[in-house]
2 protein chains.
Amino acid sequence: MGSTTGPGTARTRDGRAGRPTLAVVGATGAVGGVILDLLSTRRNVYGEIRLVSSPGSAGRRLSVRGEPAEVVALAPEVFDGAAIAMFVVPDEVSAAWAPVAAARGAVVADDSNAFRMAPDVPLVVPEVNPDRVRDRPRGIVASPGCTTLAMIVALGALHRRYGLRELVVSSYQAASGAGQDGIDTLYAQMEKVGGDRALGNRAGDVRGAVGELGPFPAPLAMNVVPWAGSPAEGGWSSEELKIRDEVRKVLGAPDLRVSATCVRVPVVKAHSLSVHAVFRERVEQREAQAILAGSPGVVLCDNPELHEFPTPADVVGTDPTWAGRVRRSLDDPRALDLFLCGDNLRKGAALNTVQVAELIAAELTP
Amino acid sequence: MGSTTGPGTARTRDGRAGRPTLAVVGATGAVGGVILDLLSTRRNVYGEIRLVSSPGSAGRRLSVRGEPAEVVALAPEVFDGAAIAMFVVPDEVSAAWAPVAAARGAVVADDSNAFRMAPDVPLVVPEVNPDRVRDRPRGIVASPGCTTLAMIVALGALHRRYGLRELVVSSYQAASGAGQDGIDTLYAQMEKVGGDRALGNRAGDVRGAVGELGPFPAPLAMNVVPWAGSPAEGGWSSEELKIRDEVRKVLGAPDLRVSATCVRVPVVKAHSLSVHAVFRERVEQREAQAILAGSPGVVLCDNPELHEFPTPADVVGTDPTWAGRVRRSLDDPRALDLFLCGDNLRKGAALNTVQVAELIAAELTP
């Protein structure tokens, strides 16, 4: 693209010649807020950055890279001249508008579920399958869901060494996976139950005390709820099947055996996962720990004798996947058990989308 | 033993001739309280009931079967004439005193971990292996731990039909598994965090707010803690290895593959388990559901479309194992995934001990 301005580039007053213009669709949402934070703190690879929202939030003034920016309403013209468009919006908005952005010449980095399983849309996790970002016939690159993203970087590293054959996953998912309504509901329920010592002893007493259930099918405060998503075939939930589909696609392992059970826990942010992974090769505990410790995007936190293991309260707000409790099965030398935590709004949503957009930017920038 | 009084029998004022005398050691503790409740509500099979505690609690007046009873201090003589002794006390107390009771002629139903893996002590779950109660060369019968008891009745029923080969278990364990200190700590932490919307967003903010950690190695309110027990070989925790040992012994399946991950959740009472069970035979979802629904001690609660699945808040205080989320693996026709909940102080401790004692009583009563 050289140094002249043109489609997908911008020349701004601080001399960002040749750098791609970025549109952030959904800038005023919860994930959008994290995106602006990341854009302001990571290496600056963009020219102009346009903040886009639904008409209802347009006109708001936000800040990105230390500069004020006014939010504009979503319309086809916002993509004119944009080389990259990040979408952090509900599925139906992405489904409707990502093709519009692509038709106007922007490469879309989409965080939603709208295109993840489309065969002509790559599903990209930069630490795992960065090369797939180049093969995007529709001009759209998708990111996996937050539960898959809480484990896929760690699993990808182990898969490269040992060859993953089977996964059994049980989740400990935060309320924020159900959006702002989930967060608000958990806080409201926590306020109602407080430290009330009369609760938690008789069936239903918590249910009678928490008030509104919000987006959850049962009380979340002082409880765990073995359900997320909508009903699917065979008693599975949509969230459980998504994990299976997404892990297979990102790892390029269509025959991988996956059984996931999704359970919501009374944690505000950061998903945790208990993972039983069976490999083709024999595994060694120390080597597996070293692989995880040496993998970009993963932090090993694994010394139980010193009370070192990841917990959601200790990793929330951070970028990496935290790995601990790494154990080789006592009954199968090819199986590892481990416990993983990751912030579902950062790597689980905003960060992966930002990383995908950076891969695209690197490709577009001379 | 006929109808005359003698060792292990008693004739009381309400005519319980021939029925065995029972000693309840640990009557003033948390599990002891549930024992007294169960003794007062289940079929009355005992003659005299003696309530026994440490010297510090002796002299307290409690109620059992609607009658007042004074607690006596633990001493060898309390077992004289007792046919059965329930022990619901810490491991070291059982280790020291159960042999004393047995030497005085009482058959011991022990709730502790002291004898569970002893080869000459049967480990009994009445719904699963009742016949093993008769083979007790030391006069001691042990009960499994509360986490094993949250699943073993359901697993035993499925094992009889399909032949269990492998188990992958992730737990969602209540604070009460760590005793009264665990319960008190969780309530105190819940009171401190309340519904504070400033918490849960930055690493460590919950840790800074909850106050004392009590028996837990990390904050439990607004968090999950992937650790229970003490460090064992290979990064495993003692609780995780106990589950493996106990399930194998109760099912009589010494080669069963078991990988367990124990995680504490901010729930006061009732343990939950996400179970992936691989069998020798092909399984069918509907048939597995029918087996569970038809098994004594198990309640099937499995209709996610109507928001019917077990949660700890909805089953606490009840006796059965609650089973839901029954699904056949999409990738292995011999594997089932399911979610189980059970009150860790009832079936998980008091109830199983009471049931074991009832088996012994039935054998001793003419």
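1. Let's start with helix H8 of chain B, which spans residues 285-293 and has Gln285(B), Ala288(B), Gln289(B), Ile291(B) and Leu292(B) buried. Looking down the axis of H8(B), you will find these buried residues within an arc of 160 degrees, so they line one face of the helix. The general background is handy here: an α-helix has 3.6 residues a turn, so residues three or four places apart point the same way. Please keep in mind throughout that this is a predicted model.

2. What lies over that face? The cover on the buried residues of H8(B) includes helix H4 (152-162) and strands E14 (298-300), E15 (321-328) and E16 (335-342), which belong to chain B.

3. Next, have a look at strand E11 of chain B, residues 164-172. E11(B) is mostly covered, with eight of its nine residues buried. Its pairing with strand E13 (residues 271-279) of chain B is antiparallel and consists of eight bridges. If you want a place to begin in the viewer, Ser170(B) has Ser274(B) of E13(B) as its bridge partner.

4. E11(B) also pairs with strand E12 (residues 257-261) of chain B; these two run parallel and are joined by five bridges. Here Glu166(B) stands opposite Arg257(B) of E12(B).

5. Now for the cysteines: how many disulfides does a search of the whole structure find? The count is zero over all chains. As a reminder, a disulfide is a covalent bond between the sulfur atoms of two cysteines. For Cys341(A), the closest cysteine sulfur is that of Cys301(A), 8.8 Å away, which is too far for a bond. The cut-off used for a disulfide is 2.5 Å between sulfur atoms. Cys341(A) is also buried, at a relative accessible area of 0%.

6. In chain B, Cys301(B) takes part in no disulfide either, as the nearest cysteine sulfur, in Cys341(B), is 8.7 Å away. Cys301(B) has a relative accessible area of 18% and counts as buried, because buried means under 20%.

7. Finally, the interface. Chain A contributes 81 residues to the contact and chain B contributes 81 residues. Between them the two chains bury about 6,500 Å², of which 56% is on carbon and sulfur atoms.

8. There is charge pairing to look at as well: 14 salt bridges are found across the interface of chain A and chain B. One salt bridge to look up joins Glu240(A) to Arg325(B), whose closest N and O atoms are 2.7 Å apart.

Note on methods:
Residues are numbered from 1 along each chain as its sequence is written. Chains are lettered from A and ligands numbered from 1 in the order in which they are written. This is a predicted model: local features need pLDDT of at least 70, side-chain atom pairs count only at pLDDT 80 or more; totals for chains, interfaces and linings use all residues. Side-chain values use heavy atoms; hydrogens and water are left out. Buried means under 20% relative accessible area, exposed over 50%, partly exposed in between (1.4 Å probe, protein chains only). Helices (H or I, at least four residues) and strands (E, at least two) are DSSP runs, numbered from the N terminus. The arc is that of the directions from the helix axis to the C-beta atoms. Contact means heavy atoms within 4.5 Å. Two strands pair if DSSP finds at least two bridges between them. Buried area is the accessible area (1.4 Å probe) that two parts lose on being put together, summed over both. A salt bridge is a side-chain nitrogen of Lys or Arg within 4 Å of a carboxyl oxygen of Asp or Glu.
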